Amino acid sequence: MNIGILTSGGDCPGLNAVIRGAVRKGIRQYGYSFSAIRDGWRGLLEDDIHPLHMVDVRGIGARGGTILGTSRTHPYSGGGPERMREVMAERSIDAVIAIGGEGTLAGASRLADDEGLPVVGVPKTIDNDLDNTDYTFGFDTAQEIATEAIDRLRTTAESHHRCMVLEVMGRNVGWIALQSGMAGGAHAILIPEFPVGYEQICEWVRSAWDRGRAPLVVVAEGFVPEDLDDQVSEAGLDKHGRVRLGGIGNHLAPIIEERTGLETRAVTLGHLQRGGSPTAYDRVLATRLGMAAVDLCHDAGWGQMASLTGTDIIRVPMAEAVDRLKFVPQHRWDEVQVLLG
Ligand code: F6P
């Protein structure tokens with residue numbers, strides 16, 4: 001069997017570990033060969049495909065980004081499934097492992113279930129918003145980077161007696177903000193799932209200040225305060241018409257400063273959360289998922305993806321994973337309240 005591998009959507013630490021895990025297991029256990037599909041679905045639609053050998057994956061498990069490149073090209077653009085079928089036949093590709101987030105897996109599931117293409121999936125995203133898997137690789141690295149940022153902001157904030165606002169990624173869910181906020185001891189954690197107003201935020205800030213602390217606020221990029229109608233997007237839309245979130249930290253800082261009288265600065269962590277080396281946890285999870293994806297191909301498990309349940313890697317239909325986002329649940333929000341302010 002010749003397996004094509006692609007990475008699609010935003011990059012994420014651990015993608016290379018998946019590729020390495022898949023290639024090593026596929027070659028060593030099954031004697032398969034592999035093809036590198038460049039830049040996600042674009043490579044499959046435009047026939048930008050090259051052989052992928054064991055030597056190509058040597059030592060890449062610790063490296064961030066993706067050696068295959070990525071893009072947000074839609075699988076139904078530029079000839080869609082028919083064109084993919086042609087390219088796969090020309091290149092003798094028998095199966096495709098698509099590594100991606102919600103958008104990629106939704107596309108992969110349609111290609112497998114509706115078009116009959118031999119596609120399996122591996123879930124990835126720093127946002128941790130995919131359902132039907134306990135965690136996605138990349139998330140642990142992102143929460144670690146965000147936590148380190150909080151720790152670093154704390155020492156400068158304390159020295160200057162300031163309030164600091166850290167904006168983290170996560171799109172429409174608050175997992176990175178919640179986890180890093182808990183780990184870093186933030187005084188206010190603001191997430192899209194549970195909107196609060198300016199007054200509540202300032203109350204948390206004042207309460208921390210009154211106890212002699214330099215207040216730290218962590219805000220998820222998708223958070224909408226009760227006082228606003230929409231998410232903040234300083235950079236507008238990308239070329240695919242997707243809203244580029246970001247700017248809520250800069251929006252909140254002057255409001256906090258004005259209402260509390262405390263000097264307040266905002267930092268947007270941005271793509272630093274996606275770059276660099278994955279944590280050990282993410283490397284292991286990614287490697288296991290890559291190996292499981294090859295097993296899925298071996299068993300013709302088209303339309304399924306490898307997923308984490310507890311400590312086990314299992315198989316689930318991709319269609320179920322993209323049905324709805326995995327939001328921070330009420331009990332996690334209730335639990336954190338006692339730590340705020
Ligand atoms: O989905 C991962 C993610 O990093 C989100 O947290 C963020 O909103 C988005 O991608 C940013 O995408 P881009 O790199 O295309 O600006």
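**A parallel four-stranded sheet and two positive phi angles**

V168 has A220 of strand 8 as its bridge partner. The pairing of strand 6 (residues 163-168) with strand 8 (residues 216-220) is parallel and runs over five bridges; strands are DSSP E runs of at least two residues and helices H or I runs of at least four, numbered from the N terminus, and two strands pair if DSSP finds at least two bridges between them. The model is predicted, with local features requiring pLDDT of at least 70 and side-chain atom pairs pLDDT 80 or more, whereas totals for chains, interfaces and linings use all residues. Residues are numbered from 1 along each chain as its sequence is written, and side-chain values use heavy atoms, without hydrogens and water.

Strands 6 and 8 belong to an open sheet of four strands, ordered 7-8-6-9, with parallel pairing. Strand 7 (188-190) and strand 9 (264-268) each have a single partner strand, so one side of each lacks a neighbour in the sheet. From one strand to the next, the twist averages 15 degrees; angles run from 0 to 180 degrees between N-to-C directions, and axes are lines fitted to C-alpha atoms, for helices over the stretch in contact.

Helix 5 (residues 139-160) lies across strands 6, 8 and 9, at about 165 degrees to strand 6. Helix 8 (residues 248-260) packs on the sheet, touching strands 6, 7, 8 and 9 (contact: heavy atoms within 4.5 Å), and makes about 175 degrees with strand 9.

Most residues other than glycine have a negative phi. D39, in the loop between strand 2 (33-37) and helix 2 (41-45), has a positive phi of about 55 degrees. A300 also has a positive phi of about 55 degrees and is found in the loop between helix 9 (280-298) and strand 10 (304-309).
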